[in-house]
Amino acid sequence: MQKCLPINFVTPKKFLLNGLLFGEQKSKTVFIFIHGLCGTIFSQINLVSELAKVGGAALTFNNRGSGIISKVKQLDIKNKKGYLSHIIGGAHENFTDCVDDIQGAIGFCVSKGFKKIFLVGHSTGCQKIVYYLSRIKNKNILGAVLLAP
């Protein structure tokens, strides 16, 4: 397995999501892996590592369907702590939030200089990708791979 860098990024709706970036950060191509319902950044991690070898880099991240029940922070400067805490996971997921999660991952990749982006989904991640692509037109997305849809 390749070395990876732990990362986090903020979605357009200010949710703080964690992930792992594999491969060459100087590459122009990145695969963004979207896990299935109740999955995590470690779901299909060997596949993500192999994608980085093929394409140069690969990102996997915990979306709001991660785990059965977990927590995520949403940045909020009005709150004394600077954030709000939300219960998420497969048991509490609002499917349409995937647009914000995927857009956050894409924004992170673009900010790191990646120009060619491929979305790769497994299980429910496939439906999230199709839903995202039906809602958002993004010139940086060159394709999608749907595994076990």
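**Core packing and two serines**

Let me begin with L59, which, setting aside residues up to four places away in sequence, touches I7, L20, L21, V30, F31, I32, F33, A105, F108 and C109. I should state at once that the model under discussion is predicted.

Apart from the largest nonpolar core lies another core, of eleven residues, and L20, F31, A52 and V120 are among them.

The largest nonpolar core itself comprises 26 residues, and those touching the most other members are I32, L59, I106, C109, I117 and L119. Two or more residues each are given to this core by strands β1 (4–10), β2 (15–23), β3 (29–34), β4 (57–61) and β7 (116–122), together with helices α2 (98–111) and α3 (124–135). Helix α2 supplies the largest share, seven residues. As general background, nonpolar side chains in soluble globular proteins tend to be buried together.

I turn now to two serines. Is S66 buried or exposed? S66 counts as buried because its relative accessible area is 7%, under the 20% cut-off. The residue sits in the loop between β4 and β5 (70–75). Leaving out neighbours within four places in sequence, the contacts of S66 are H35, C38, G39, T40, G89 and G90.

The second serine, S85, belongs to strand β6, residues 83–88. With a relative accessibility of 43%, S85 is classed as partly exposed. Not counting residues up to four places away in sequence, S85 touches K71 and V72. How far apart in space are S85 and L16? Their C-alpha atoms are 10 Å apart, while the two residues are 69 residues apart in sequence.

Conventions
Residues are numbered from 1 along each chain as its sequence is written. This is a predicted model: local features need pLDDT of at least 70, side-chain atom pairs count only at pLDDT 80 or more; totals for chains, interfaces and linings use all residues. Side-chain values use heavy atoms; hydrogens and water are left out. A nonpolar core is a set of buried Ala, Val, Leu, Ile, Met, Phe, Trp, Tyr and Cys residues joined through side-chain atoms within 4.5 Å. Buried means under 20% relative accessible area, exposed over 50%, partly exposed in between (1.4 Å probe, protein chains only). Helices (H or I, at least four residues) and strands (E, at least two) are DSSP runs, numbered from the N terminus. Contact means heavy atoms within 4.5 Å.
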